[in-house]
Amino acid sequence: MARRYDSRTTIFSPEGRLYQIEYAMEAISHAGSVLGVLSKDGVVLAAEKKVTGKLLDMSGSKEGGYGGSGEKIFLLNSNVVAGVAGITADANSLVNYARQAAQRHLYMYNEDIPVELLAQRLCDLKQGYTQYGGLRPFGVSLLYAGYDPHYQFQLYHSDPSGNYSGWKATCIGANNGTATSLLKQEYKEDISVEDAIELVLRTMSKTMDSTTLGSEKLEFATLTLDANKQPKAKIYKPAEIDALLQKHGLAKKDEDTDMASA
């Protein structure tokens with residue numbers, strides 16, 4: 001019965017469902033997971049990279065730029081970092097839109113855009129794509145880690161329907177159920193950013209499809225305040241991710257490397 005209603009984005013089924021939005025969410029649930037944790041003095045984001053290959057040129061992420069390969073974690077504004085799960089091409093389009101919205105706000109009001117307002121702007125666009133014929137919903141969910149002086153550190157999640165919600169800790173993408181249940185058990189209200197980093201890495205090591213954690217499979221970012229109480233976003237470079245994993249005892253063991261080269 002459903003087949004008659006699921007080919008068009010704008011037609012409700014008799015149960016009042018829009019199947020194309022549900023299919024978009026299903027696509028996201030197979031994507032590399034993105035995990036965010038809010039702490040009292042910062043926000044931590046980690047993402048699982050799916051595009052890995054020995055022949056992939058990673059020199060740009062190692063030497064120049066802002067760090068990261070730009071596949072899963074993006075800087076939207078000086079006070080907002082986003083992690084994306086789903087179709088990366090759709091994500092690139094939304095990231096550009098978000099950056100423009102943030103810059104327009106900065107130009108008009110001479111202050112960084114509030115995090116929730118930026119999430120709202122993107123959700124307005126996403127909702128429009130569920131309402132007009134000839135369009136399909138964006139197949140991507142975003143986690144926004146941000147800071148503004150009024151509400152301090154915040155973590156938001158938005159999905160293809162145009163809904164968004166604030167979280168203390170959450171996960172999107174593959175294995176999000178397992179990660180969320182682990183976070184429920186271990187998250188504490190007054191967690192520090194150092195403990196949040198450890199919690200995120202530990203949770204990722206248990207929920208990622210890959211058996212070992214390494215910089216080729218992981219992107220990582222933190223948002224904290226600098227000495228002048230201004231938001232400082234840091235997207236980690238591959239060498240920094242490996243050093244972080246080493247510090248928390250989650251790096252590849254020597255025997256794993258030997259087996260890989262054998």
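1. Helices and strands here are DSSP runs: H or I over at least four residues for a helix, E over at least two for a strand. On that basis the protein chain has eight helices and 10 strands. The model is predicted.

2. Some totals for the chain. It has 262 residues, and 47% of them count as buried. Among contacts with a separation of 6 or more, 63% link residues 24 or more positions apart. The exposed area is about 13,400 Å², with carbon and sulfur atoms supplying 51%.

3. One open sheet has five strands in the order β8-β1-β2-β9-β10, with antiparallel pairing. Its edges are β8 (169–172) and β10 (231–235), each of which pairs on one side only. Neighbouring strands in this sheet are turned by 10 degrees against each other on average, direction ignored.

4. Inside that sheet, look at the β1/β2 pair. Strand β1 covers residues 34–39 and β2 covers residues 42–48; they run antiparallel and are joined by six bridges. Glycine 36 stands opposite leucine 45 of β2. Helix α6 (residues 193–207) packs on the sheet and touches β1, β2 and β9 (218–225). The direction of α6 makes about 20 degrees with that of β2.

5. Helix α5 (residues 176–186) also belongs in this picture. It lies across β1 and β8, and runs at about 170 degrees to β8.

6. A second open sheet of five strands follows the order β3-β4-β5-β6-β7, again with antiparallel pairing. β3 (73–77) and β7 (164–166) each have a single partner strand, so one side of each is left without a neighbour in the sheet. The average turn between neighbouring strands of this sheet is 25 degrees, direction ignored.

7. Which strand does β5 pair with over seven bridges? The partner is β6 (residues 152–158), in the antiparallel sense. Within this pairing, leucine 155 in β6 is the bridge partner of alanine 145. Helix α4 (residues 115–128) packs on the sheet, touching β3, β4, β5, β6 and β7. Its direction makes about 155 degrees with that of β5.

8. Helix α3 (residues 88–109) lies across β3, β4 and β5. It runs at about 20 degrees to β3.

9. Helix α1 (residues 19–28) is worth a look. Its residues Tyr19, Ile21, Ala24 and Ile28 are buried. The buried residues of α1 pack against β4 (80–86) and β5 (140–148). As background, an α-helix has 3.6 residues a turn, so residues three or four places apart point the same way.

Methods:
Residues numbered from 1 in each chain as written. Predicted model: local features only at pLDDT ≥ 70, side-chain atom pairs only at ≥ 80, totals over all residues. Heavy atoms only, no water. Pairing = 2+ DSSP bridges. Axes fitted to C-alpha atoms, helices over the stretch in contact; angles between N-to-C directions. Contact = heavy atoms within 4.5 Å. Buried < 20%, exposed > 50% of the residue type's maximum accessible area, 1.4 Å probe, protein only. Areas by Shrake-Rupley, 256 points an atom, 1.4 Å probe, with all protein chains shown as cover.
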